[in-house]
Amino acid sequence: MIRVELRKLILSPRTWVTIALLDALPTLVAILLALTDLGPRPGTGPAFLSAVLSDGSLFPLAAIAIVLPLFLPAAVAVIAGDAIAGEAQGGTLRYLLIRPVGRTRLLVAKLLAVLAFVLLAVLVIAVTAYIVGTLLLGDQPLATSVSGSALSSSQVAWRTALSLCYATFSMLGVAAIALFLSTLSDSPLAAAMGALAFLIASTLLLTLDAANVLQPYLPTRYWLSFVDLFRDPILWRNVVRGTALQGVYVVVFLGAAWANFATKDITS
Amino acid sequence: MATIRRWCVVALGVALLVSLPVAISALPARDSEVSAEELLEKAQGSSDLSYSGLIESVGSLRLPISDHFTDVADLFGERTTMRVWWRGDDDWRVNRLSVGGETDLVHDSRGTTTWDYESNHATRTPTFDIRLPQASDLLPPALAQRLLEDAEAAEVNRIPAARVAGIDAPGLRLDPSEAQSSIDHVDLWLDPDSGLPVRVSVFGLSVEAPALTTTFLDVAIARPSESSTAFSPPAGVDSHFADFVDIAAAANEFAPVRPPRTLAGLARRPTTMGAVGVYGRGATLLIALPLWDRAADPLREQLATTPGAAKIPSGMTLAVGPLNLLLTGTAFEDHSWLFVGTVTPATLERATRQVFAHPPSLGHWVVTSGPR
């Protein structure tokens, strides 16, 4: 079942168009930076963007920081929102369930397919950003942690790899929310919009001091904590919490999707 | 029926996940029988302790922002996350974390290096007796030492313990006895064994919410390694030496004035003998800062548009929680006085009247290389 879903994902033109669109924004940013040599002022702009004018090899991290707050979760919401509702809307859900496969397995396969999409997108963005960054941007390797200490190339490499994994894992929550909404509705658009509304609310609440009590539980709270992997020593606290929080969202919303979908009457 | 059973399982799981952290944080901290006097003594004797950890400070003071005071406004008006490695007064490092980078203070016996990742810039400055507040002043132990300085047993009493960074920390309340103070009380929680302050909350008069709270999120009370406070500017970094760390340090050095020995009934602290006067003790603090016009004018303009600021005959005043400030008008030839501190507005006006009656000017302002 998982293999079937992955195959569908890879062969779908929509997957590659979405990834290409995701890839376009950081590439455009790199071109603009190269042409103008104008980085963001300190304290403004996405993480690592000011550093790439000196060291273009850091651009994969800046590219992830560019797409992570909005474009990547929007793409995940669209893909995951389409997982069940898209099949229902296309009239293929009944035929899909005729196969001797449990509905719970189908949900898990759909979630893993979305995770594979995120991983693929993040890898394509990172590789493109590395090529664009080293070709167009700074060529003086900083090899410096955020705390100013020197990092070896292997330390930079494994911290970057860990950051990409963390960014991928951070999307699990929104994927689970969209998947749950996808089991409620026959409209993929409604499921995607519902998940996006959840994310916008989360982002808004993060800016409010009055919502301080809720903030540790908001799905977007720890998304940018991959920067902590480049502090010296690494600050694991928020990375661990962010990972655990995504796990909680998966348990809750995959559970809700299971509760709703396992015995739901399928009419389309 | 099966669907209802499934939803019940999910609801139970959600209830467990939500209630578990709430239940753990609601567990009462184990209190001890230690008296307020003993706790005060322990806290005052904890200045030699070494420690490291993660700290969060939350300030609710919306200070007017002008060029020279931006960092101060951020520190007292926002949430600040810091990492600290404190080996001693002359060997520490405080990293102020932001989403996309960090600004670090690395201090040794010869001075302080400020490292800003996002501007890729390192600045070395000497140590100054007088300077504007910086991140290291908001560490719970540093802030507690300042607030409890010369505190007497009659000013403190016990409050219930709280769990801070996994420590069941007994609480202590300081009620400043000075009539000039705008601080209602200060609540502190300390590590019961070492006396290290792990949380400090400062409350203004007639306000229930704290004006400033700083607390450890993680703490290790042990001497950090030597490498944790070491710093050398990385290759390719824009690095330079600055004569002055901020406007207060420059004014203290260059302003040709000597503030009086007492101001508004508060005695001048003996450790500060420059042009900037620091008065009072512990939580009751009054600072008299002479400002040349190029620094005072932008602040005056900012105050004119700040809600709550008021124009009075002697200048402009603003009350932000327990912090009050008064910027004198242009009565002096080429400078103004900024009176600021945790004192009442009446105390500031009294200080202004005193300075107007006996101007402490000794000569002309000569500004050669102060910060711009």
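These are my notebook entries on a predicted model with chains A and B.

**Entry 1: chain A**

I started with the secondary structure of chain A and found 10 helices and 0 strands. Reading along the sequence, I simply wrote α-α-α-α-α-α-α-α-α-α. Next I looked up the radius of gyration, which is 20 Å; the globule rule gives 18 Å for 268 residues, so chain A is as compact as a globular protein of that length. The box around its C-alpha atoms, taken along the principal axes, is roughly 60 × 40 × 30 Å.

I then checked burial, and 46% of the 268 residues in chain A count as buried. For contacts with a separation of 6 or more, I noted that 76% join residues 24 or more positions apart.

**Entry 2: chain B as a whole**

Chain B mixes its elements: I have 7 helices and 20 strands on the page. Its radius of gyration is 23 Å, which agrees with the value near 21 Å for a compact globule of 372 residues. The C-alpha trace spans about 85 × 55 × 45 Å along the principal axes.

Buried residues come to 44% of the 372 in chain B. Among its contacts with a separation of 6 or more, 61% are between residues 24 or more positions apart.

**Entry 3: the two domains of chain B**

Where do the domains of chain B begin and end? The domain assignment puts domain 1 at 41–229 and domain 2 at 247–357. I looked up the distance between their C-alpha centres, and it is 24 Å. Across the boundary, 32 residues of domain 1 of chain B are in contact with 32 residues of domain 2 of chain B.

On the domain 1 side, the elements that give two or more residues are β9 (183–190) and β10 (197–204) of chain B. I sorted that side by residue type and got 18 nonpolar, 7 polar and 7 charged.

**Entry 4: helix α1 of chain B**

This helix got an entry of its own. α1(B) covers residues 2–26, 25 residues in total, and reaches 35 Å from first C-alpha to last, close to the expected 36 Å. Where does α1(B) bend? I found a bend of about 30° at Ser19(B), with a proline, Pro21(B), following within four residues. The helix is hardly covered, and my count of buried residues in α1(B) is 0.

**Entry 5: where chain B touches chain A**

I went on to the interface, where 27 residues of chain B are in contact with 28 residues of chain A. Three elements of chain B give two or more residues to its side: α1, β4 (102–108) and β5 (111–116). Which element gives the largest share? It is α1(B), the helix from my previous entry, with 8 residues. By type, the chain B side divides into 11 nonpolar, 9 polar and 7 charged residues.

**Entry 6: one residue up close**

Last, I picked out Ala250(B), which sits in helix α5 (residues 247–254) of chain B. Is Ala250(B) buried or exposed? I looked up 26 C-beta neighbours inside 10 Å, so Ala250(B) counts as buried; the cut-off for that is 20 or more. I also noted its distance to Gly274(B): the two are 24 residues apart in sequence and 10 Å apart in space, C-alpha to C-alpha.

Terms used:
Residues numbered from 1 in each chain as written. Chains lettered and ligands numbered in written order. Predicted model: local features only at pLDDT ≥ 70, side-chain atom pairs only at ≥ 80, totals over all residues. Rg over C-alpha atoms; globule rule 2.2 N^0.38 Å. Buried ≥ 20, exposed ≤ 12 C-beta atoms within 10 Å, placed from the backbone. Contact = placed C-beta atoms within 7 Å. Domains from an automatic or database assignment. Nonpolar A, V, L, I, M, F, W, Y, C, P; charged D, E, K, R; others polar. Expected span 1.5 Å × (residues − 1). Bend = angle between axes of the 7 residues up to and from the residue.
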